[in-house]
Amino acid sequence: MKIAYFSPFSPDRSGISDFSEELVFELAKWCQVDLYAGKPVASEKIKQEFRVYPACDIDRTDIRKQYDHLIYQVGNNRDYHKTVIDTLLKYPGILELHDFSLHHYLAEDTFVQKDFDGYLRIMKYCHGREGERTAKRFLKGEIRAPWEDQSAKYTVNKHLIDQARAVIVHSDMAKQMVKGIRPQAPVINIPLHTTDIRKDYRRYTAACRQRLGIKEPLIFGSFGYATSAKRIEPIIRALAGLKQDGLKGFQYLIVGKVENVPVDQLKKQYDLEKEILVTGYTMIDQFKLYMGACDICFNLRYPTQGESSASLHRMLGLGKAVLVTSIGSFEEYPDDVVIKIGHGASETDEIAEAVSRLIKERDYLARRQEAAYRYAARHLDLKKNARIYYDFFQQLTEGTYADVYEDHLLDVLDSLGLMDEMYALGLTDRIRDWYEA
């Protein structure tokens, strides 16, 4: 099998770049993979191991005919994904959606470019008369930009889903939403992988702290672009409250570029100038060191664009206790694997209460860390996931792909009164072990 793989790659500072540069090496063990990019690729390792072509080369019919599948990695950033999306719209292939809502992408690609007719046209295509009315009201200045507060309602992805020959998503929520848009589309949920699954996660934590020269006994961390959606301000308020209640000897790492969050002002306001460290953008190896050094990680997101989180999966693989926002795809994780925080008026109090319990009850923290590692080892391993990709591609090639019944089997058995919780867990493990064998 031969595939053409379209994605951002380094030097693009994107989680999807990191994702692709890990996945393609494993996929290449199962099939021939050629890479197509919108700009020159910086990674010497990638250039040594793969054929890398300009995306425009696929315009040649003789080149396209060489491939069994065209794979398109799509996210919500126009700078990184315009070439990928424009190519998909010309040449159908397998769409991998990393963000379910693409409204911010659409805004950058149409409205910001003063292509108002284009914005109106796609809103109408994706969301019918209601979408068209909303777009017209916005363009007339009657309402706020829909991508600011209605991106979950107006996801503007139907034109891509309709063009795709199959769709890959990273949560069951996203899979069901794709099916709602195009019921007959072949869709598969493949969890985002992580290459960092460490059975020795406790020793790794100590080693990371030593390499970074961190001496504080308690380390918290937030990772990736630190926007207001990452709930940085509520986290700072929660930590300030804990400090007032007597918490000492901690550091809060904000690892990534800060956007539209007044961290310096908040540090002064809440007397946390010594406790908060903002690293700015870091290369992936340094990023992992900071994450590895943490006891407790924050992966809060509100509002959400229907995305899954590669950073969350890396945290789980490193055995971290993680707080997530109880919304969207994050609801799907087991309650013993992540700690779910509401996004309403009680958000700051919930963060403080969760952190306080983890600090005070060391056995509870240890159980959380072990549950995180075990979940990652079972569900998020790169080698296992690469085989799932290949099997999906092969089934599409042979025309044998069909949705399997595992998603609904346990619900049916439960409705008939034929199982209890322990039986369900055992049956799930047996099905998974059979599949992986």
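1. Pro11 sits in the loop between strand S1 (2-6) and helix H1 (15-27). The peptide bond that joins Ser10 and Pro11 is cis in this predicted model, and its omega is about 20°.

2. A cis peptide bond also runs from Tyr302 to Pro303, where omega is near -5°. Pro303 belongs to the loop between strand S11 (296-299) and helix H14 (310-317). These bonds deserve mention because most peptide bonds are trans.

3. Two residues call for a look at their backbone angles. Lys114 is not a glycine, yet has a positive phi of about 65°. Lys114 is placed in the loop between helix H5 (103-111) and helix H6 (116-139). Is Lys114 buried or exposed? With a relative accessible area of 64%, Lys114 is exposed, since the cut-off for that word is over 50%.

4. Asn260 is not a glycine either, and has a positive phi of about 60°. The loop that holds Asn260 lies between strand S9 (250-255) and helix H12 (263-269). Asn260 is exposed, at a relative accessible area of 76%. As background, most residues other than glycine have a negative phi.

5. On the chain as a whole, the secondary structure consists of 19 helices and 13 strands. For 437 residues, a compact globule would have a radius of gyration near 22 Å, and the value of 22 Å for the protein chain agrees with this. Along the principal axes, the C-alpha atoms fill a box of roughly 65 × 55 × 55 Å.

6. Of the 437 residues in the protein chain, 51% are buried. The accessible surface of the chain is about 21100 Å², and carbon and sulfur atoms account for 48% of that surface. If one takes the contacts between residues at least 6 apart in sequence, 69% of them join residues at least 24 apart.

7. The charges can be summarised briefly. The protein chain has 61 positive and 64 negative charges, and the mean positions of these two sets are 3 Å apart.

8. Next, the interior. Which residues have the most contacts inside the largest nonpolar core? They are Phe220, Tyr252, Leu323 and Ile351, in a core of 33 residues. Helix H11 (residues 232-244) supplies the largest share of this core, with seven residues. There is a second, separate core of 29 residues, which includes Tyr204, Ile214, Phe287 and Val338. In soluble globular proteins, nonpolar side chains tend to be buried together.

9. Leu323 can serve as an example from the largest core. Neighbours within four places in sequence are left aside here. On one stretch of sequence, Leu323 is in contact with Ile296, Cys297, Phe298, Asn299 and Leu300. Further contacts of Leu323 are with Ile339, Ile341, Ile351, Ala354, Val355 and Leu358. One of these partners, Ile351, is itself among the residues with the most contacts inside the largest core.

10. Lys179 is a residue of helix H9 (residues 172-181). What does Lys179 touch, not counting residues up to four places away in sequence? The partners are Gln184, Ala185, Val187 and Asp403. Between Lys179 and Val337 there are 28 Å in space, C-alpha to C-alpha, and the two residues are 158 apart in sequence.

How values were computed
Residues are numbered from 1 along each chain as its sequence is written. This is a predicted model: local features need pLDDT of at least 70, side-chain atom pairs count only at pLDDT 80 or more; totals for chains, interfaces and linings use all residues. Side-chain values use heavy atoms; hydrogens and water are left out. Helices (H or I, at least four residues) and strands (E, at least two) are DSSP runs, numbered from the N terminus. The radius of gyration is taken over C-alpha atoms; the globule rule is 2.2 Å times the number of residues to the power 0.38. Buried means under 20% relative accessible area, exposed over 50%, partly exposed in between (1.4 Å probe, protein chains only). Contact means heavy atoms within 4.5 Å. Accessible areas come from the Shrake-Rupley method with a 1.4 Å probe; for residues, only the protein chains shown count as cover. Lys and Arg count as positive and Asp and Glu as negative; His and the chain ends are not counted. The place of a charge is taken as NZ of Lys, CZ of Arg, CG of Asp or CD of Glu. A nonpolar core is a set of buried Ala, Val, Leu, Ile, Met, Phe, Trp, Tyr and Cys residues joined through side-chain atoms within 4.5 Å.
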